[in-house]
Amino acid sequence: MQEAAKTPSASPLRATVATAASPARYRPSPLVIFSACLVLLGAGGPLLLRVYFVHGGQRLWLSALLQISGWPLLLPPLCVSLFRGRRHGIANLLLPLRLVGAAAVLGAFYAISCYVYAMGSQALPLSTSSLLLATQLAFTAIFAFLFVGLRFTPFSANAVLLLTIGPAVLGVGPGSGKPAGEPSKTYWVGFCEAIAAAALAGLVLPLVEVSMERYGRRSGPAARMPPPYSTVMQMQAVMGAAGTMVCLLGMAIKSDFSALRGEAAAFGLGETNYYLVLVWDAVSWQLLNLGIMGLITCASSLLAGIMIAVLLPLSEILAVMFLHEKFDGPKGIALVLSLWGFASYLYGEKAQKKLEAQKSEQQVTRKTGDLELAAP
């Protein structure tokens, strides 16, 4: 009778051990997967921007505007999302005022980053500018270490190193990745502009994460829920609106509005295709920006930087297929190094999660042993 009485009391303990000692396998949330898909769908943005420059486009502030002005497309789904979540109180779903202010400042800063990227894209082939832009992952990791408290592992440090060496190959390798017939000064200016754009983008991503952690706290029932995707759309809309104002001001100063009609008439693909390129480029960039914002909100700024680096091989393929750009030796070496760095980071993240799971299991086993010893 005593043995039978002890058996039921031990079974809950063993069940607890079995449950705790087998940690759930990490799976990204559907919103993270959705955001990653948006980033991949936005790969056409850099391609169409290069098409604009190749066929006669010269307006830098206009090209910067294309990268950030697609935010009105978010207004219908944002209104629907807020209406569906009204049971939690629409006021609780709106961004706090301090976060709105921070997003507006970051949006203006991002517009400057887009302008610098446009300058690099005008001077460099898409394949070269994409390789240089991939260095933003290194800048993102460094700024995330400074502002977010990211801890480097040997694998992430190796990834940063490889992603830094890759673009250096373009600068010092045979031919330096420079197209034949292009002036060296133009190439080197574009090279530095692309690196500067990567550094600015790498700074903005962690600052967005810090702003959301510091100013994005909610009250009421919404505080107990994970950030809804309406938060992602609101952040992107505020940043897009602020950045659009900066770009429109730049266009007004440079008299771009009066020059658009003449530029459209002289566009190499025709006037109608000129406007189609502008519209679809803005749509593509909006998909890319929304996906990046979703990754920052639902995961981390570093993951957003990684997904931008994932666009590298896709941009290379699109540049060769549609723009007939030459894929020479330095670009191939830089691409391999960049992909190696990306793979190193992914492997390091997987190993880190496995190590954390093992430590958690050891702690649970140790606590369980203490409970069994303390049991009568």
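Reader: Is Cys-298 buried, partly exposed or exposed?
Author: This is a predicted model, and the values here are computed from it. Buried residues have under 20% relative accessible area and exposed ones over 50%. Cys-298 has a relative accessible area of 26%, so Cys-298 counts as partly exposed.

Reader: And how much relative accessible area does Cys-247 have?
Author: Cys-247 belongs to the buried class, which takes in residues under 20%. The value for Cys-247 is 0%.

Reader: How many disulfides does the structure hold?
Author: A disulfide is a covalent bond between the sulfur atoms of two cysteines. To count here, the two sulfur atoms must lie within 2.5 Å. In this predicted model, the number of disulfides is zero.

Reader: How far from Cys-247 is the nearest cysteine sulfur?
Author: Cys-247 takes part in no disulfide. The nearest cysteine sulfur belongs to Cys-114, and its distance is 6.6 Å.

Reader: Let's turn to charged side chains. How many salt bridges does a search of the whole structure find?
Author: One of them joins Asp-256 to Arg-59, with N and O 3.1 Å apart. Arg-59 also forms a salt bridge with Glu-263, where the closest N and O atoms are 3.9 Å apart. Both distances fit the cut-off, because a salt bridge needs the atoms within 4 Å. The search of the whole structure gives a count of two.

Reader: Which residues do the salt bridges that share partners join into one network?
Author: Arg-59 pairs with Asp-256, and Arg-59 pairs with Glu-263 as well. Arg-59 is therefore a shared partner, and the network is made of Arg-59, Asp-256 and Glu-263.

Reader: How many residues apart are Asp-256 and Arg-59?
Author: Their salt bridge links distant parts of the chain. Asp-256 is in helix α13 (residues 256–265), while Arg-59 sits in the loop between α3 (44–54) and α4 (60–66). The separation along the chain is 197 residues.

Reader: Is Glu-263 buried or exposed?
Author: Arg-59, at 23% relative accessibility, counts as partly exposed. Asp-256 has a relative accessible area of 2% and is buried. Glu-263 comes to 9%, so Glu-263 counts as buried.

Reader: What is unusual about the backbone next door: what phi does Ser-255 have?
Author: Ser-255 lies in the loop between α12 (229–253) and α13, and its relative accessible area of 41% makes it partly exposed. Most residues other than glycine have a negative phi. Ser-255 is not a glycine, yet its phi is positive, at about 60°.

Reader: How far apart in space are Ser-255 and Arg-59?
Author: In sequence, Ser-255 and Arg-59 are 196 residues apart. In space, C-alpha to C-alpha, the distance is 9.7 Å.

Reader: Now for some polar side chains. Which residue's backbone oxygen does the side chain of Ser-35 reach?
Author: Ser-35 is found in helix α2 (residues 30–41), and at 0% relative accessibility Ser-35 counts as buried. Its side chain reaches a backbone oxygen at 2.8 Å, and that oxygen belongs to Leu-31.

Reader: What about Gln-136: which residue's backbone oxygen does that side chain reach?
Author: Gln-136 lies in helix α9 and is buried, with a relative accessible area of 0%. The side chain of Gln-136 reaches a backbone oxygen at 2.7 Å, and the partner is Gly-305.

Reader: What is the area of the nonpolar surface patch?
Author: One of its members, Ile-142, lies in helix α9 (residues 136–147). Ile-142 is partly exposed at 38% relative accessibility, so it passes the patch cut-off of over 30%. With Phe-145, Leu-146, Phe-147 and Phe-152, Ile-142 makes a patch of about 480 Å².

Reader: UniProt has the feature "transmembrane region" in this chain. How much of the span 187–208 is helix?
Author: The unreviewed UniProt entry places this feature at several spans, including 130–148 and 187–208. Residues 130–148 are 84% helix, with end C-alpha atoms 26 Å apart. For residues 187–208 the end C-alpha atoms lie 32 Å apart, strand makes up 0%, and the helix share is 100%.

How values were computed: Residues numbered from 1 in each chain as written. Predicted model: local features only at pLDDT ≥ 70, side-chain atom pairs only at ≥ 80, totals over all residues. Heavy atoms only, no water. Buried < 20%, exposed > 50% of the residue type's maximum accessible area, 1.4 Å probe, protein only. Patch = residues over 30% accessible without salt bridge, like charges linked within 9 Å, V, L, I, M, F, W, Y side chains within 5 Å. Areas by Shrake-Rupley, 256 points an atom, 1.4 Å probe, with all protein chains shown as cover. Helix = DSSP H or I, 4+ residues; strand = E, 2+ residues; numbered from the N terminus. UniProt positions renumbered as here; feature names shortened; annotations may be inferred. Polar contact = N/O pair within 3.5 Å; in protein donor to acceptor, adjacent residues only side chain to side chain.
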